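Welcome to a short walk through this structure. Please have the viewer open while you read, and turn the picture as the text moves along.

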Amino acid sequence: MQQYGQLSEHELIEQLKGGSGSALKEIHRRYYALLYTHVYKRYPYREEVRDIVQELFTWLWDNREALEIREGLTGYLIVSMRNRLFKVYRHHKVHLRYLESIQDHIEHSAEATDQLITNKQLLEQVEQEISSLPPKMRMIFELSRNGELSHKEIAEKLGLSPLTVRTQIRNALRILRVKLGVKILFLII
Amino acid sequence: MRFRQAKELIDKYLDGTANSQERSLLDRWYQDKSPKGIFPDPEELLQDEIRSLRKLDAYLSRPKRVLLWPRLVAAAVLLLLLLATYLISNRVKPANENQFLAHDVQPAKDAATLTLADGKKLVLKGGAPKLLAKQGQTRVSTTAAGELIYQQAADQSTRGQDFNTLATPRGGQFQLVLSDGTHVWLNAASSLRYPAAFSAQNRTVELTGEAYFEVAHDSARPFRIISKGQRVDVLGTHFNIQAYQDESFIKTTLVQGSVRVTRLLDGQAEQISPGQALLFEGSRFAVSNADLREALSWKEGYFRFKDEKLESVMKQISRWYNVDIELLGDVGTIALTGKISRNKNISQVLKMLEQTGLAHFELTERRVLVRH
(Lines give C-alpha, C1' and ligand atoms only; values in the text may rest on other atoms or scores of the structure.)
Protein backbone atom coordinates (compact mmCIF):
# COMPACT_ATOMS: atom_id res chain seq x y z
CA MET A 1 0.00 0.00 0.00
CA GLN A 2 1.31 3.41 -0.82
CA GLN A 3 0.58 6.98 -0.01
CA TYR A 4 -0.30 8.09 -3.50
CA GLY A 5 -0.60 11.68 -2.38
CA GLN A 6 3.13 11.86 -1.97
CA LEU A 7 4.12 10.49 -5.34
CA SER A 8 5.76 12.77 -7.86
CA GLU A 9 4.08 13.37 -11.18
CA HIS A 10 6.56 11.07 -12.87
CA GLU A 11 6.01 8.28 -10.36
CA LEU A 12 2.26 8.65 -10.72
CA ILE A 13 2.46 8.24 -14.48
CA GLU A 14 4.65 5.17 -14.11
CA GLN A 15 2.23 3.66 -11.62
CA LEU A 16 -0.67 4.43 -13.89
CA LYS A 17 1.07 2.75 -16.81
CA GLY A 18 1.67 -0.24 -14.60
CA GLY A 19 -2.07 -0.54 -14.10
CA SER A 20 -2.58 1.17 -10.75
CA GLY A 21 -6.14 2.43 -10.39
CA SER A 22 -5.09 4.31 -7.28
CA ALA A 23 -2.63 6.32 -9.34
CA LEU A 24 -5.43 7.28 -11.70
CA LYS A 25 -7.58 8.35 -8.80
CA GLU A 26 -4.75 10.42 -7.41
CA ILE A 27 -4.45 12.16 -10.78
CA HIS A 28 -8.19 12.69 -10.62
CA ARG A 29 -7.85 14.23 -7.18
CA ARG A 30 -5.09 16.56 -8.25
CA TYR A 31 -6.45 17.66 -11.61
CA TYR A 32 -10.21 17.25 -11.76
CA ALA A 33 -11.09 20.73 -10.54
CA LEU A 34 -8.45 22.30 -12.73
CA LEU A 35 -9.62 20.56 -15.89
CA TYR A 36 -13.27 21.08 -15.07
CA THR A 37 -12.73 24.79 -14.63
CA HIS A 38 -10.67 25.05 -17.79
CA VAL A 39 -13.39 23.40 -19.85
CA TYR A 40 -16.26 25.13 -18.10
CA LYS A 41 -14.82 28.56 -18.86
CA ARG A 42 -14.79 27.65 -22.55
CA TYR A 43 -18.03 25.72 -22.62
CA PRO A 44 -20.27 26.63 -19.69
CA TYR A 45 -22.68 23.70 -19.88
CA ARG A 46 -22.39 21.67 -16.72
CA GLU A 47 -23.70 18.31 -17.92
CA GLU A 48 -21.45 18.31 -20.93
CA VAL A 49 -18.42 19.52 -19.04
CA ARG A 50 -18.92 16.63 -16.68
CA ASP A 51 -18.98 14.15 -19.56
CA ILE A 52 -16.01 15.67 -21.35
CA VAL A 53 -13.81 15.53 -18.25
CA GLN A 54 -15.01 12.05 -17.28
CA GLU A 55 -14.23 10.73 -20.73
CA LEU A 56 -10.69 12.00 -20.46
CA PHE A 57 -10.14 9.96 -17.31
CA THR A 58 -11.61 6.76 -18.70
CA TRP A 59 -9.58 7.33 -21.86
CA LEU A 60 -6.43 7.70 -19.75
CA TRP A 61 -7.17 4.37 -18.12
CA ASP A 62 -7.97 2.52 -21.33
CA ASN A 63 -4.85 3.84 -23.03
CA ARG A 64 -2.53 3.89 -20.04
CA GLU A 65 0.01 1.51 -21.50
CA ALA A 66 0.53 3.60 -24.61
CA LEU A 67 0.71 7.00 -22.90
CA GLU A 68 3.67 9.15 -23.86
CA ILE A 69 3.80 12.09 -21.53
CA ARG A 70 6.91 14.10 -22.17
CA GLU A 71 6.34 17.62 -21.00
CA GLY A 72 4.55 17.24 -17.74
CA LEU A 73 1.16 15.95 -16.80
CA THR A 74 -0.57 19.33 -16.52
CA GLY A 75 0.36 20.24 -20.08
CA TYR A 76 -0.60 16.83 -21.34
CA LEU A 77 -4.01 16.92 -19.71
CA ILE A 78 -4.76 20.48 -20.77
CA VAL A 79 -3.79 19.78 -24.38
CA SER A 80 -5.98 16.65 -24.33
CA MET A 81 -8.81 18.77 -22.97
CA ARG A 82 -8.26 21.38 -25.68
CA ASN A 83 -8.47 18.77 -28.42
CA ARG A 84 -11.61 17.33 -26.91
CA LEU A 85 -13.14 20.79 -26.80
CA PHE A 86 -12.36 21.34 -30.46
CA LYS A 87 -14.18 18.13 -31.21
CA VAL A 88 -17.18 19.36 -29.27
CA TYR A 89 -17.15 22.73 -31.05
CA ARG A 90 -16.84 20.96 -34.37
CA HIS A 91 -19.80 18.67 -33.97
CA HIS A 92 -22.24 20.45 -31.74
CA LYS A 93 -25.44 21.36 -33.52
CA VAL A 94 -26.78 23.85 -31.03
CA HIS A 95 -23.96 25.87 -29.57
CA LEU A 96 -22.71 27.29 -32.80
CA ARG A 97 -21.12 30.43 -31.48
CA TYR A 98 -17.77 28.70 -31.16
CA LEU A 99 -17.66 27.67 -34.80
CA GLU A 100 -18.83 31.10 -35.73
CA SER A 101 -16.06 32.67 -33.74
CA ILE A 102 -13.45 30.37 -35.31
CA GLN A 103 -14.79 31.15 -38.78
CA ASP A 104 -14.62 34.83 -37.97
CA HIS A 105 -11.08 34.42 -36.69
CA ILE A 106 -10.01 32.65 -39.91
CA GLU A 107 -11.55 35.32 -42.10
CA HIS A 108 -10.16 38.28 -40.24
CA SER A 109 -6.77 37.29 -39.00
CA ALA A 110 -5.42 36.85 -42.58
CA GLU A 111 -1.73 35.94 -42.42
CA ALA A 112 -1.02 38.75 -40.07
CA THR A 113 1.20 36.77 -37.82
CA ASP A 114 3.40 33.73 -37.86
CA GLN A 115 4.03 33.56 -34.16
CA LEU A 116 3.46 30.14 -32.68
CA ILE A 117 1.57 29.54 -29.53
CA THR A 118 3.51 27.09 -27.43
CA ASN A 119 2.23 24.76 -24.80
CA LYS A 120 4.09 26.88 -22.29
CA GLN A 121 1.93 29.83 -23.13
CA LEU A 122 -1.14 27.68 -22.78
CA LEU A 123 0.05 26.62 -19.34
CA GLU A 124 0.74 30.20 -18.34
CA GLN A 125 -2.84 30.95 -19.23
CA VAL A 126 -4.02 28.08 -17.07
CA GLU A 127 -1.94 29.34 -14.15
CA GLN A 128 -3.40 32.77 -14.64
CA GLU A 129 -6.89 31.34 -14.67
CA ILE A 130 -6.23 29.64 -11.38
CA SER A 131 -4.89 32.78 -9.78
CA SER A 132 -7.97 34.71 -10.85
CA LEU A 133 -10.36 32.16 -9.35
CA PRO A 134 -13.00 33.37 -6.93
CA PRO A 135 -11.82 32.89 -3.31
CA LYS A 136 -14.03 29.87 -2.56
CA MET A 137 -12.88 28.06 -5.64
CA ARG A 138 -9.28 28.80 -4.87
CA MET A 139 -9.69 27.35 -1.45
CA ILE A 140 -11.08 24.15 -2.94
CA PHE A 141 -8.09 24.01 -5.20
CA GLU A 142 -5.56 24.54 -2.48
CA LEU A 143 -7.18 22.11 -0.11
CA SER A 144 -7.78 19.39 -2.63
CA ARG A 145 -4.46 19.75 -4.42
CA ASN A 146 -2.49 19.65 -1.22
CA GLY A 147 -4.50 16.61 -0.34
CA GLU A 148 -4.81 17.30 3.32
CA LEU A 149 -8.56 17.21 3.59
CA SER A 150 -11.17 14.91 2.19
CA HIS A 151 -13.86 16.36 -0.02
CA LYS A 152 -16.36 16.05 2.72
CA GLU A 153 -14.19 18.01 5.06
CA ILE A 154 -13.68 20.69 2.49
CA ALA A 155 -17.42 20.90 1.95
CA GLU A 156 -17.89 21.23 5.67
CA LYS A 157 -15.13 23.74 6.06
CA LEU A 158 -16.60 25.95 3.41
CA GLY A 159 -20.15 25.42 4.60
CA LEU A 160 -21.11 24.16 1.20
CA SER A 161 -23.48 21.36 2.02
CA PRO A 162 -25.61 20.55 5.04
CA LEU A 163 -24.09 18.27 7.62
CA THR A 164 -25.66 14.89 7.83
CA VAL A 165 -26.54 13.32 11.13
CA ARG A 166 -23.94 10.70 10.48
CA THR A 167 -21.24 13.25 10.01
CA GLN A 168 -22.22 14.93 13.21
CA ILE A 169 -21.96 11.68 15.08
CA ARG A 170 -18.59 11.06 13.56
CA ASN A 171 -17.41 14.50 14.50
CA ALA A 172 -18.69 14.02 17.99
CA LEU A 173 -16.73 10.81 18.26
CA ARG A 174 -13.67 12.54 16.98
CA ILE A 175 -13.94 15.27 19.56
CA LEU A 176 -14.54 12.71 22.26
CA ARG A 177 -11.48 10.85 21.16
CA VAL A 178 -9.31 13.91 21.37
CA LYS A 179 -10.73 14.88 24.74
CA LEU A 180 -10.22 11.48 26.27
CA GLY A 181 -6.84 11.13 24.66
CA VAL A 182 -7.64 7.58 23.66
CA LYS A 183 -8.65 5.91 20.50
CA ILE A 184 -12.17 4.59 20.82
CA LEU A 185 -12.35 0.84 21.25
CA PHE A 186 -14.51 -1.23 19.07
CA LEU A 187 -16.74 -3.97 20.31
CA ILE A 188 -15.47 -7.44 20.81
CA ILE A 189 -17.23 -10.34 19.14
CA MET B 1 -22.39 24.46 -45.33
CA ARG B 2 -22.08 26.99 -42.61
CA PHE B 3 -18.64 27.46 -41.06
CA ARG B 4 -17.09 25.10 -43.57
CA GLN B 5 -13.62 26.58 -43.15
CA ALA B 6 -13.81 26.38 -39.38
CA LYS B 7 -14.83 22.73 -39.52
CA GLU B 8 -12.13 21.84 -42.01
CA LEU B 9 -9.52 23.59 -39.94
CA ILE B 10 -10.53 21.68 -36.81
CA ASP B 11 -10.52 18.39 -38.70
CA LYS B 12 -7.00 19.01 -40.00
CA TYR B 13 -5.86 20.14 -36.58
CA LEU B 14 -7.17 17.04 -34.87
CA ASP B 15 -5.96 14.47 -37.38
CA GLY B 16 -2.52 16.07 -37.48
CA THR B 17 -2.56 17.18 -41.11
CA ALA B 18 -2.65 20.90 -40.38
CA ASN B 19 0.53 22.78 -41.27
CA SER B 20 2.22 24.99 -38.70
CA GLN B 21 0.42 28.11 -39.88
CA GLU B 22 -2.96 26.45 -39.60
CA ARG B 23 -2.10 25.06 -36.22
CA SER B 24 -1.04 28.39 -34.90
CA LEU B 25 -4.20 29.99 -36.29
CA LEU B 26 -6.36 27.70 -34.20
CA ASP B 27 -4.01 27.81 -31.20
CA ARG B 28 -4.22 31.59 -31.19
CA TRP B 29 -7.97 31.48 -31.38
CA TYR B 30 -8.08 29.07 -28.43
CA GLN B 31 -5.71 31.20 -26.43
CA ASP B 32 -7.02 34.67 -27.12
CA LYS B 33 -10.27 34.68 -29.01
CA SER B 34 -12.34 31.74 -27.85
CA PRO B 35 -15.41 32.96 -25.97
CA LYS B 36 -14.60 32.62 -22.29
CA GLY B 37 -17.34 32.39 -19.80
CA ILE B 38 -17.61 32.34 -16.09
CA PHE B 39 -16.16 30.09 -13.43
CA PRO B 40 -18.24 27.10 -12.39
CA ASP B 41 -20.16 27.24 -9.14
CA PRO B 42 -17.89 25.87 -6.38
CA GLU B 43 -20.56 23.69 -4.84
CA GLU B 44 -21.56 22.20 -8.18
CA LEU B 45 -17.95 21.54 -9.00
CA LEU B 46 -17.42 19.78 -5.71
CA GLN B 47 -20.52 17.64 -6.22
CA ASP B 48 -19.41 16.77 -9.74
CA GLU B 49 -15.93 15.93 -8.56
CA ILE B 50 -17.19 13.52 -5.94
CA ARG B 51 -19.64 11.96 -8.36
CA SER B 52 -16.93 11.66 -10.97
CA LEU B 53 -14.59 9.89 -8.57
CA ARG B 54 -17.34 7.38 -7.81
CA LYS B 55 -17.93 6.78 -11.49
CA LEU B 56 -14.23 6.32 -12.01
CA ASP B 57 -14.13 3.82 -9.18
CA ALA B 58 -16.94 1.86 -10.76
CA TYR B 59 -15.18 2.01 -14.11
CA LEU B 60 -11.95 0.71 -12.63
CA SER B 61 -13.59 -2.24 -10.94
CA ARG B 62 -15.94 -3.16 -13.77
CA PRO B 63 -15.72 -6.76 -14.91
CA LYS B 64 -13.95 -7.45 -18.18
CA ARG B 65 -16.26 -7.93 -21.12
CA VAL B 66 -16.61 -11.42 -22.49
CA LEU B 67 -17.97 -11.62 -25.98
CA LEU B 68 -18.86 -15.26 -26.16
CA TRP B 69 -22.57 -15.87 -26.63
CA PRO B 70 -22.97 -18.93 -24.42
CA ARG B 71 -21.28 -17.08 -21.58
CA LEU B 72 -23.44 -14.03 -22.11
CA VAL B 73 -26.58 -16.12 -22.01
CA ALA B 74 -25.36 -17.98 -18.96
CA ALA B 75 -24.49 -14.69 -17.30
CA ALA B 76 -27.90 -13.26 -18.12
CA VAL B 77 -29.62 -16.29 -16.65
CA LEU B 78 -27.44 -16.09 -13.57
CA LEU B 79 -28.18 -12.40 -13.25
CA LEU B 80 -31.90 -13.05 -13.42
CA LEU B 81 -31.59 -15.75 -10.80
CA LEU B 82 -29.56 -13.47 -8.58
CA LEU B 83 -32.02 -10.68 -9.05
CA ALA B 84 -34.90 -12.98 -8.20
CA THR B 85 -33.05 -14.28 -5.14
CA TYR B 86 -32.22 -10.75 -4.14
CA LEU B 87 -35.80 -9.57 -4.50
CA ILE B 88 -37.17 -12.55 -2.63
CA SER B 89 -34.62 -12.43 0.15
CA ASN B 90 -35.11 -8.69 0.42
CA ARG B 91 -38.77 -9.23 0.96
CA VAL B 92 -38.23 -11.90 3.56
CA LYS B 93 -35.34 -10.49 5.54
CA PRO B 94 -35.55 -7.48 7.79
CA ALA B 95 -34.08 -4.31 6.44
CA ASN B 96 -31.11 -4.03 8.78
CA GLU B 97 -28.90 -6.25 6.68
CA ASN B 98 -25.15 -5.98 6.63
CA GLN B 99 -24.22 -3.73 3.71
CA PHE B 100 -21.06 -5.72 3.00
CA LEU B 101 -22.82 -9.00 2.25
CA ALA B 102 -22.98 -8.53 -1.51
CA HIS B 103 -19.24 -9.08 -1.89
CA ASP B 104 -18.60 -11.07 1.23
CA VAL B 105 -15.35 -13.00 1.57
CA GLN B 106 -14.73 -16.01 3.79
CA PRO B 107 -11.75 -16.11 6.11
CA ALA B 108 -8.48 -17.78 5.15
CA LYS B 109 -8.34 -21.54 4.83
CA ASP B 110 -5.58 -24.10 5.11
CA ALA B 111 -3.94 -23.62 1.74
CA ALA B 112 -0.36 -23.46 0.53
CA THR B 113 1.96 -24.34 -2.30
CA LEU B 114 4.86 -26.68 -1.65
CA THR B 115 7.82 -26.43 -4.01
CA LEU B 116 10.02 -29.52 -3.94
CA ALA B 117 13.78 -29.63 -4.52
CA ASP B 118 13.33 -30.43 -8.20
CA GLY B 119 11.07 -27.40 -8.69
CA LYS B 120 7.85 -29.45 -8.76
CA LYS B 121 4.94 -27.57 -7.17
CA LEU B 122 2.19 -29.21 -5.15
CA VAL B 123 -0.99 -27.48 -4.07
CA LEU B 124 -1.86 -28.31 -0.46
CA LYS B 125 -5.34 -27.93 0.93
CA GLY B 126 -5.25 -29.81 4.19
CA GLY B 127 -7.65 -32.72 4.62
CA ALA B 128 -6.81 -36.41 4.35
CA PRO B 129 -3.36 -37.76 5.30
CA LYS B 130 -1.30 -38.46 2.22
CA LEU B 131 2.30 -39.21 1.24
CA LEU B 132 3.24 -36.40 -1.11
CA ALA B 133 6.84 -37.07 -2.05
CA LYS B 134 10.19 -38.37 -0.98
CA GLN B 135 13.04 -35.93 -0.79
CA GLY B 136 16.18 -38.01 -0.53
CA GLN B 137 15.50 -40.24 2.47
CA THR B 138 12.86 -37.93 3.91
CA ARG B 139 9.15 -38.66 3.59
CA VAL B 140 6.95 -35.62 2.95
CA SER B 141 3.29 -36.07 3.82
CA THR B 142 0.21 -34.33 5.14
CA THR B 143 -1.36 -35.45 8.40
CA ALA B 144 -5.00 -35.83 9.32
CA ALA B 145 -4.71 -32.56 11.23
CA GLY B 146 -3.84 -30.82 8.01
CA GLU B 147 -0.14 -30.25 8.71
CA LEU B 148 2.73 -30.84 6.37
CA ILE B 149 5.23 -33.18 7.98
CA TYR B 150 8.82 -34.23 7.19
CA GLN B 151 9.99 -37.59 8.52
CA GLN B 152 13.62 -38.57 8.26
CA ALA B 153 14.84 -42.10 7.64
CA ALA B 154 17.92 -43.55 9.35
CA ASP B 155 20.14 -43.14 6.33
CA GLN B 156 20.94 -39.47 6.22
CA SER B 157 23.39 -39.20 3.36
CA THR B 158 21.48 -36.45 1.57
CA ARG B 159 20.94 -34.19 4.56
CA GLY B 160 20.91 -30.45 4.04
CA GLN B 161 20.62 -30.61 0.28
CA ASP B 162 17.03 -30.82 -0.83
CA PHE B 163 15.50 -27.42 -0.28
CA ASN B 164 11.71 -27.16 -0.16
CA THR B 165 9.58 -24.03 0.03
CA LEU B 166 6.17 -23.81 1.61
CA ALA B 167 4.26 -20.67 0.58
CA THR B 168 0.83 -19.52 1.68
CA PRO B 169 -1.21 -17.17 -0.53
CA ARG B 170 -3.20 -14.23 0.76
CA GLY B 171 -6.21 -15.91 2.33
CA GLY B 172 -4.29 -19.07 3.24
CA GLN B 173 -2.36 -20.46 6.23
CA PHE B 174 -0.56 -23.70 6.95
CA GLN B 175 1.20 -25.68 9.63
CA LEU B 176 4.39 -27.56 9.14
CA VAL B 177 6.54 -30.01 11.12
CA LEU B 178 10.16 -29.96 9.97
CA SER B 179 12.42 -33.02 9.93
CA ASP B 180 13.86 -32.13 13.37
CA GLY B 181 10.39 -31.94 14.93
CA THR B 182 10.21 -28.13 14.91
CA HIS B 183 6.61 -26.97 14.54
CA VAL B 184 5.90 -23.92 12.36
CA TRP B 185 2.63 -22.03 11.93
CA LEU B 186 2.81 -20.07 8.69
CA ASN B 187 0.50 -17.05 8.50
CA ALA B 188 -1.13 -15.79 5.27
CA ALA B 189 1.00 -14.41 2.43
CA SER B 190 4.18 -15.93 3.83
CA SER B 191 6.79 -18.42 2.79
CA LEU B 192 9.40 -20.60 4.43
CA ARG B 193 12.38 -22.24 2.69
CA TYR B 194 14.11 -25.13 4.44
CA PRO B 195 16.03 -28.34 3.68
CA ALA B 196 13.93 -31.50 3.70
CA ALA B 197 16.50 -32.87 6.16
CA PHE B 198 18.76 -30.54 8.14
CA SER B 199 22.54 -30.92 7.95
CA ALA B 200 24.65 -32.09 10.88
CA GLN B 201 25.98 -28.59 11.62
CA ASN B 202 22.95 -26.36 11.85
CA ARG B 203 19.31 -25.93 10.99
CA THR B 204 18.82 -22.90 8.75
CA VAL B 205 15.53 -21.71 7.26
CA GLU B 206 14.49 -18.55 5.40
CA LEU B 207 11.26 -16.73 6.16
CA THR B 208 9.26 -14.00 4.50
CA GLY B 209 5.98 -12.96 6.04
CA GLU B 210 4.93 -14.15 9.48
CA ALA B 211 5.41 -17.43 11.32
CA TYR B 212 5.30 -18.80 14.84
CA PHE B 213 8.01 -21.32 15.68
CA GLU B 214 8.20 -24.01 18.33
CA VAL B 215 11.77 -25.10 17.81
CA ALA B 216 12.74 -28.62 18.87
CA HIS B 217 15.68 -28.57 21.29
CA ASP B 218 19.01 -29.66 19.83
CA SER B 219 22.02 -27.94 21.37
CA ALA B 220 24.39 -29.51 18.82
CA ARG B 221 22.64 -27.85 15.87
CA PRO B 222 21.50 -24.26 16.37
CA PHE B 223 18.29 -23.29 14.60
CA ARG B 224 18.59 -20.21 12.41
CA ILE B 225 15.98 -18.11 10.72
CA ILE B 226 17.04 -15.64 8.08
CA SER B 227 14.54 -12.96 7.10
CA LYS B 228 14.87 -9.58 5.44
CA GLY B 229 18.35 -8.74 6.63
CA GLN B 230 18.25 -10.30 10.10
CA ARG B 231 19.19 -13.67 11.52
CA VAL B 232 17.69 -15.28 14.60
CA ASP B 233 19.76 -17.95 16.36
CA VAL B 234 17.97 -20.22 18.81
CA LEU B 235 18.51 -23.41 20.69
CA GLY B 236 15.01 -24.50 21.50
CA THR B 237 12.24 -22.05 22.11
CA HIS B 238 8.86 -20.57 21.14
CA PHE B 239 8.66 -17.28 19.30
CA ASN B 240 6.99 -15.33 16.54
CA ILE B 241 8.62 -13.49 13.64
CA GLN B 242 6.83 -10.93 11.54
CA ALA B 243 8.84 -10.01 8.44
CA TYR B 244 6.47 -9.07 5.64
CA GLN B 245 7.99 -7.50 2.56
CA ASP B 246 5.36 -4.77 2.50
CA GLU B 247 6.07 -3.70 6.09
CA SER B 248 9.02 -1.54 7.00
CA PHE B 249 9.91 -3.56 10.08
CA ILE B 250 10.72 -7.02 11.35
CA LYS B 251 9.39 -7.95 14.75
CA THR B 252 10.66 -10.94 16.70
CA THR B 253 8.62 -11.75 19.80
CA LEU B 254 9.87 -14.32 22.27
CA VAL B 255 7.49 -16.47 24.31
CA GLN B 256 9.82 -18.97 25.87
CA GLY B 257 13.55 -19.81 25.88
CA SER B 258 16.06 -17.37 24.50
CA VAL B 259 17.06 -16.10 21.09
CA ARG B 260 19.79 -13.95 19.67
CA VAL B 261 18.88 -11.61 16.83
CA THR B 262 21.64 -10.42 14.50
CA ARG B 263 21.43 -7.64 11.98
CA LEU B 264 23.20 -9.13 8.97
CA LEU B 265 24.31 -5.77 7.58
CA ASP B 266 26.74 -4.95 10.37
CA GLY B 267 26.61 -7.93 12.69
CA GLN B 268 24.99 -5.98 15.54
CA ALA B 269 23.25 -8.47 17.80
CA GLU B 270 20.77 -8.44 20.68
CA GLN B 271 19.69 -11.16 23.02
CA ILE B 272 16.05 -11.11 24.08
CA SER B 273 14.26 -12.81 26.96
CA PRO B 274 10.74 -14.24 27.14
CA GLY B 275 8.10 -11.53 27.01
CA GLN B 276 10.32 -9.21 25.03
CA ALA B 277 10.18 -8.19 21.40
CA LEU B 278 12.88 -6.92 19.14
CA LEU B 279 11.87 -4.39 16.54
CA PHE B 280 14.20 -3.93 13.60
CA GLU B 281 13.13 -0.96 11.52
CA GLY B 282 15.38 1.07 9.26
CA SER B 283 18.50 1.51 11.34
CA ARG B 284 16.60 1.09 14.60
CA PHE B 285 17.21 -2.10 16.50
CA ALA B 286 15.20 -1.87 19.70
CA VAL B 287 14.19 -4.29 22.46
CA SER B 288 10.90 -3.66 24.24
CA ASN B 289 8.41 -5.45 26.42
CA ALA B 290 6.02 -7.34 24.18
CA ASP B 291 2.29 -7.78 24.27
CA LEU B 292 2.36 -11.55 23.83
CA ARG B 293 -1.38 -11.81 23.41
CA GLU B 294 -1.20 -9.38 20.53
CA ALA B 295 1.77 -11.05 18.88
CA LEU B 296 0.28 -14.53 19.05
CA SER B 297 -3.36 -13.65 18.45
CA TRP B 298 -3.18 -14.62 14.78
CA LYS B 299 -2.18 -18.14 15.74
CA GLU B 300 -5.01 -18.33 18.28
CA GLY B 301 -7.53 -17.23 15.67
CA TYR B 302 -7.93 -13.54 16.44
CA PHE B 303 -7.02 -10.16 15.12
CA ARG B 304 -5.93 -8.28 18.17
CA PHE B 305 -4.94 -4.66 17.92
CA LYS B 306 -3.58 -2.34 20.52
CA ASP B 307 -3.50 1.27 19.47
CA GLU B 308 -2.69 0.02 16.01
CA LYS B 309 -2.82 2.20 12.89
CA LEU B 310 -5.72 1.46 10.57
CA GLU B 311 -3.21 1.06 7.74
CA SER B 312 -1.61 -1.86 9.52
CA VAL B 313 -4.99 -3.30 10.54
CA MET B 314 -6.12 -3.24 6.92
CA LYS B 315 -2.91 -4.91 5.77
CA GLN B 316 -3.69 -7.84 8.02
CA ILE B 317 -7.24 -7.97 6.70
CA SER B 318 -5.89 -7.81 3.17
CA ARG B 319 -3.69 -10.84 3.75
CA TRP B 320 -6.26 -12.85 5.61
CA TYR B 321 -9.18 -12.33 3.26
CA ASN B 322 -7.19 -11.90 0.05
CA VAL B 323 -8.66 -8.49 -0.70
CA ASP B 324 -7.07 -5.29 -1.98
CA ILE B 325 -7.22 -2.28 0.24
CA GLU B 326 -7.35 1.35 -0.66
CA LEU B 327 -7.05 4.08 1.94
CA LEU B 328 -8.27 7.52 0.97
CA GLY B 329 -6.55 10.54 2.44
CA ASP B 330 -4.89 10.05 5.80
CA VAL B 331 -7.47 7.57 7.07
CA GLY B 332 -4.68 5.01 7.61
CA THR B 333 -3.33 6.95 10.57
CA ILE B 334 -6.41 6.41 12.74
CA ALA B 335 -5.51 4.14 15.68
CA LEU B 336 -7.67 1.25 16.82
CA THR B 337 -7.76 -1.12 19.75
CA GLY B 338 -9.79 -4.30 19.87
CA LYS B 339 -10.16 -7.96 19.09
CA ILE B 340 -12.01 -9.73 16.30
CA SER B 341 -12.27 -13.40 15.51
CA ARG B 342 -10.44 -14.43 12.37
CA ASN B 343 -13.10 -17.05 11.66
CA LYS B 344 -15.71 -14.47 10.72
CA ASN B 345 -16.48 -13.47 7.18
CA ILE B 346 -15.11 -10.12 6.09
CA SER B 347 -18.61 -8.60 6.11
CA GLN B 348 -18.77 -8.98 9.88
CA VAL B 349 -15.31 -7.61 10.43
CA LEU B 350 -16.00 -4.54 8.31
CA LYS B 351 -19.35 -4.01 9.95
CA MET B 352 -17.64 -3.86 13.32
CA LEU B 353 -14.98 -1.50 12.10
CA GLU B 354 -17.68 0.66 10.50
CA GLN B 355 -19.52 0.82 13.81
CA THR B 356 -16.60 2.60 15.43
CA GLY B 357 -17.59 5.59 13.31
CA LEU B 358 -13.91 6.37 12.82
CA ALA B 359 -13.85 5.44 9.17
CA HIS B 360 -16.16 4.24 6.42
CA PHE B 361 -15.72 1.10 4.41
CA GLU B 362 -16.94 0.09 0.98
CA LEU B 363 -16.61 -3.50 -0.13
CA THR B 364 -16.67 -4.30 -3.83
CA GLU B 365 -15.33 -7.36 -5.63
CA ARG B 366 -12.32 -8.27 -3.44
CA ARG B 367 -11.59 -4.62 -2.76
CA VAL B 368 -12.08 -2.54 0.32
CA LEU B 369 -12.14 1.22 0.08
CA VAL B 370 -11.57 3.05 3.36
CA ARG B 371 -12.32 6.71 3.80
CA HIS B 372 -13.13 9.29 6.42
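## Strands around β11 of chain B

Strand β11 of chain B and strand β12 (residues 223-227) of chain B run parallel and are joined by four bridges. In this pairing, B:Glu206 stands opposite B:Ile226 of β12(B). Bear in mind as you look that the model is predicted.

β11(B) spans residues 203-214 and also pairs with strand β9 (residues 183-186) of chain B, this time antiparallel and through four bridges. There, B:His183 faces B:Glu214 of β11(B). Strand β14 (residues 238-243) of chain B is another antiparallel neighbour of β11(B), held by six bridges. One pair to look for here is B:Ala211, whose bridge partner in β14(B) is B:Ile241.

The next neighbour is strand β10 (residues 191-195) of chain B, which pairs with β11(B) in the antiparallel sense over three bridges. Two residues of this pairing can be picked out by eye: B:Arg193 stands opposite B:Glu206, and B:Ser191 has B:Thr208 of β11(B) as its bridge partner. B:Glu206 thus turns up twice, opposite B:Arg193 and opposite B:Ile226.

From β10(B) the pairing carries on to strand β7 (residues 163-167) of chain B, again antiparallel, with five bridges between the two. B:Asn164 stands opposite B:Tyr194 of β10(B) in this pair.

The table gathers these pairings.

| Strand pair (chain B) | Sense | Bridges | Residue pair |
|---|---|---|---|
| β11 and β12 | parallel | four | B:Glu206 and B:Ile226 |
| β9 and β11 | antiparallel | four | B:His183 and B:Glu214 |
| β11 and β14 | antiparallel | six | B:Ala211 and B:Ile241 |
| β10 and β11 | antiparallel | three | B:Arg193 and B:Glu206 |
| β7 and β10 | antiparallel | five | B:Asn164 and B:Tyr194 |

## A three-stranded sheet with helices

Now please move further along chain B. Here an open sheet of three strands follows the order β21-β24-β23, and its pairing is mixed. At the edges are β21 (324-327) and β23 (360-364) of chain B, each of them pairing on one side only. On average, neighbouring strands in this sheet are turned by 20° against each other, direction ignored.

Between β23(B) and β24 (residues 367-371) of chain B there are five bridges, and the two strands run antiparallel. B:Glu362 stands opposite B:Leu369 of β24(B). Helix α6 (residues 310-321) of chain B packs on the sheet and touches β21, β23 and β24 of chain B, with its direction at about 165° to that of β21(B). Helix α7 (residues 346-355) of chain B lies across β23 and β24 of chain B and runs at about 160° to β23(B).

## Where chains A and B meet

What do the two chains share? Across their interface, 74 residues of chain A are in contact with 76 residues of chain B. Together the chains bury about 7700 Å², of which 65% is on carbon and sulfur atoms.

Seven salt bridges are found across this interface. A salt bridge joins the side chains of B:Asp11 and A:Arg90, at 2.9 Å from N to O. The interface also holds 19 residue pairs in polar contact, both residues being at pLDDT 80 or more.

On the chain A side, several helices each supply at least two residues, among them α2 (21-42), α3 (46-62), α4 (73-91) and α9 (165-180). α2(A) gives the most, with 14 residues. By type, the chain A residues that touch chain B divide into 32 nonpolar, 21 polar and 21 charged.

How values were computed:
Residues numbered from 1 in each chain as written. Chains lettered and ligands numbered in written order. Predicted model: local features only at pLDDT ≥ 70, side-chain atom pairs only at ≥ 80, totals over all residues. Heavy atoms only, no water. Pairing = 2+ DSSP bridges. Axes fitted to C-alpha atoms, helices over the stretch in contact; angles between N-to-C directions. Contact = heavy atoms within 4.5 Å. Buried area = accessible area lost by both parts, 1.4 Å probe. Salt bridge = Lys/Arg side-chain N within 4 Å of Asp/Glu carboxyl O. Polar contact = N/O pair within 3.5 Å; in protein donor to acceptor, adjacent residues only side chain to side chain. Nonpolar A, V, L, I, M, F, W, Y, C, P; charged D, E, K, R; others polar.
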